[in-house]
Amino acid sequence: MPRFSVIVPVFKVQGFLRECLDSVLGQSFDDVEVIAVDDCSPDGCGAILDEYAARDPRLKAVHLPENVGLGRARNAGLPHATGDYVLFLDSDDRYTPGLLRAVADRLDATRDPDILVFDHVRTHWWGRAGRSDAADLLEQAGADTFAVREHPEYLRLFLVAWNKAYRRDFFVEHGFAYRPGLYEDAPVTYQTMVTAERIACLDRVGVEYRQRRQGAITRTPGRKHFDIFDQYEGLFAYLAERPGLDWARPLLFERALDHMLFTVARPERVLRGDRKEFHRRIRAFYRRHVPPGFVPPPDSRRTEIRLLALAPYHRAHLCLGLWRRGGHAAGRRAARLRELFARRVKRCWYRLQLRRRLDPSLAVYSAGHSRAVNGDPLAIHARAAELAPHVRGVWVVRPDAVDQVPPGTDFVTTGSWRYYRVMARAKHWVNDCNWAGDLVKRRGSVHVQTHRGTPLKYMALDLLDRPGARHGADVRGMLRRSDRWDVSLVANRHSEEVWQRAFPCHFASLRSGSPRNDVLVRGGGERGAGLRARLGIEASETVVLYAPTPRDYRRGRHVWRVDLENLAASLPPGHRLLVRLHPSLARHPERALVLRDLHRRGALSDVTDERHVEDVLLAADALVTDYSALMFDYALLDRPIVVHADDWAAYRAARGAYFDITAEPPGRVTRSDEELVRTFASGAWRDAESARLRAAFRERFCEYDDGRAAERVVRRVLLGEAPGAAGGDDAVVRIPAAVDRSARLPEYS
């Protein structure tokens with residue numbers, strides 16, 4: 001008896017069917033049977049099913065003699081199911097990798113509940129959307145089981161058959177069956193949810209729900225959408241036969257009305273000429289099934305539901321819709337006008353502030369496009385507090401990033417009144433990206449550009465012959481903002497040459513090293529140990545960090561190049577895998593598809609949200625990356641590095657690279673998942689050849705990092721000390737006169 005039976009109704013989906021079946025049969029958890037029900041499909045679906053059945057004994061093809069529709073096709077597959085749990089999957093959708101393993105683990109942990117619910121993501125023809133509206137509910141459920149009677153909010157989970165695993169005995173014993181017609185999922189979903197005594201949730205994206213460009217019945221207007229009334233009549237007939245479920249009637253009544261009102265408001269479902277009749281049917285349903293003393297809950301369509309009790313309901317509903325649309329539009333226009341007015345007033349005030357003298361004791365800092373408080377600017381800010389306490393540091397952060405600011409740190413939010421005042425008066429600007437284009441670079445101010453690591457991929461002007469990589473990038477505007485730089489920090493001669501070519505602007509290079517990497521050079525073992533302790537990693541464990549970089553050849557820039565579950569499972573005993581995505585991908589929907597679940601299951605640790613990457617690097621005993629600039633920083637620790645370059649040719653063609661990382665790597669190079677696993681299994685990741693490659697890499701790219709970079713920047717820029725002075729460095733490139741002159745301007749006091 002298999003653990004899972006997956007029932008797949010099939011009709012006119014030959015273009016998607018193979019992908020669907022492969023997503024089930026290719027799961028790492030293989031204790032599964034697939035019952036594929038050919039609903040008399042007129043295309044090649046039947047032949048495809050027979051082909052798969054002949055090749056894989058886990059698939060059984062059931063051919064129906066006539067077309068019966070989606071719901072009854074599911075019913076036809078149920079008698080053939082022998083698994084502990086039954087799952088339904090539509091044949092144009094697909095499972096995400098590792099789903100069944102995750103479901104099996106959660107079922108074991110919750111001791112076989114009646115129902116397990118998991119999440120989904122909508123996949124449009126142009127790409128994936130974000131997580132579902134149910135994501136927060138699934139997360140709140142945790143690992144406990146519950147009943148809907150105590151937690152009615154879970155009736156708001158998506159009304160479909162394919163986001164649940166049903167205990168087969170529970171489903172069969174209660175005689176649940178899908179009715180013919182459209183919206184067949186709703187009655188069975190509600191029946192099972194209110195009947196189940198133990199429901200569990202899995203906060204993991206398990207299904208890629210395909211939004212077909214054409215052919216989706218729910219997006220085809222017509223009379224079929226009137227099926228919703230028969231479906232809900234069947235649900236309330238079910239409740240009438242079970243007095244023990246009377247407690248659920250008000251809850252399901254509100255949910256049914258919400259579904260009907262949602263449907264009639266969609267022009268892609270209900271035709272304009274049918275809406276009046278559809279409204280009459282809703283009102284008739286309301287009168288027939290309204291529970292005594294029913295009061296719509298606050299978070300429902302309360303006003304629309306109350307209108308159902310009025311006689312001229314259709315007209316009242318139309319008036320309500322017109323009033324809401326007009327009110328919302330007027331409110332949006334008023335909000336835009338207020339925002340525009342406030343912006344213009346602030347700009348005028350900013351111009352007034354620009355007439356005041358610069359404040360030589362004021363420095364502003366920003367990192368990660370003002371979304372973070374970390375990196376090189378933070379290292380300089382911390383060192384300035386020790387060496388130049390008279391220089392007041394103020395951080396610039398976006399309103400949604402205020403939680404990134406450490407307690408006791410002065411900051412302003414972008415767009416605020418104080419923001420414009422501080423930016424107009426500050427003498428020193430320190431940033432690892434570019435400042436907003438509307439800010440004025442005043443004569444006498446000093447802008448320090450720290451960058452965000454040593455460049456491997458093409459930047460700025462070099463992107464002009466890479467149209468794919470620079471899509472959406474305003475290179476001209478980028479260079480115009482870069483003209484405000486006075487000082488460019490470099491960690492090696494390679495970076496110095498690249499920045500001067502890619503950004504042909506008026507700045508001088510300061511051979512300072514990377515301030516954020518001082519902790520890597522001088523030693524920060526306690527920070528790495530602290531992170532390991534927070535993650536529950538034993539001191540004896542070997543930590544492998546995987547840090548991929550975005551891909552410009554993929555929409556959304558995210559692509560998994562490594563099978564994380566397989567890599568984590570294949571590492572030798574006593575090894576732990578950490579994964580850190582690029583900051584630009586931290587909120588990408590792909591993160592929820594696999595990484596989040598693997599982290600919760602303990603297969604690996606997702607450290608993407610750790611604020612300080614230096615702590616992550618210090619905690620790791622080895623780094624696996626593709627083309628991330630983190631390899632240049634990690635090389636300072638003189639620990640093993642593996643470059644996984646399975647798509648190097650595509651990456652280099654799309655983005656461009658300043659040198660061939662596979663020819664001059666900091667360690668072993670792998671080009672497939674199998675080769676990566678073998679590299680760790682054999683110990684090649686830390687052998688003599690790996691050490692030799694790393695030594696050559698360090699000699700070239702760790703040239704100026706000596707643990708004193710932040711101090712060097714503070715002394716040379718904020719304090720104006722010359723090379724060779726106390727704490728100075730004669731090897732530092734002299735800051736040009738354009739910057740030196742600022743020190744001789746009259747100072748504000």
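Q: Is His447 buried or exposed?
A: In this predicted model, His447 has 0% relative accessibility, so the residue counts as buried. The cut-off for buried is under 20%.

Q: And which strand is His447 in?
A: His447 lies in strand β14, which covers residues 446-449.

Q: What does the His447 side chain make a polar contact with?
A: With the side chain of Trp435, at 3.2 Å.

Q: Which residues does His447 touch, leaving out those up to four places away in sequence?
A: Trp429, Asn431, Trp435, Lys441, Arg484, Trp485, Asp486 and Val487.

Q: Switching to cores. How many residues are in the largest nonpolar core?
A: There are 64. Tyr232, Leu252 and Ile282 have the most contacts inside that core.

Q: What does Leu252 touch, again not counting residues up to four places away?
A: Leu252 is in contact with Leu155, Tyr190, Val194, Leu235, Phe236 and Leu239.

Q: Where does Trp485 fit in, then?
A: Trp485 belongs to a second, separate core of 52 residues, which also includes Met478, Leu531 and Ile641. Trp485 is also one of the residues that His447 touches.

Q: Now the sheet with six strands. What is the strand order?
A: The order is β19-β18-β17-β20-β21-β22; the sheet is open and the pairing is parallel.

Q: Why is one side of β19 and of β22 left without a neighbour?
A: β19 (605-606) and β22 (668-670) stand at the edges of the sheet and each has a single partner strand, so one side of each has no neighbour there.

Q: How many bridges join β21 and β22?
A: Three, in the parallel sense; β21 covers residues 641-644. As for single residues, Val642 has Arg668 in β22 as its bridge partner.

Note on methods. Residues numbered from 1 in each chain as written. Predicted model: local features only at pLDDT ≥ 70, side-chain atom pairs only at ≥ 80, totals over all residues. Heavy atoms only, no water. Pairing = 2+ DSSP bridges. Helix = DSSP H or I, 4+ residues; strand = E, 2+ residues; numbered from the N terminus. Buried < 20%, exposed > 50% of the residue type's maximum accessible area, 1.4 Å probe, protein only. Polar contact = N/O pair within 3.5 Å; in protein donor to acceptor, adjacent residues only side chain to side chain. Contact = heavy atoms within 4.5 Å. Core = buried A, V, L, I, M, F, W, Y, C linked by side-chain atoms within 4.5 Å.
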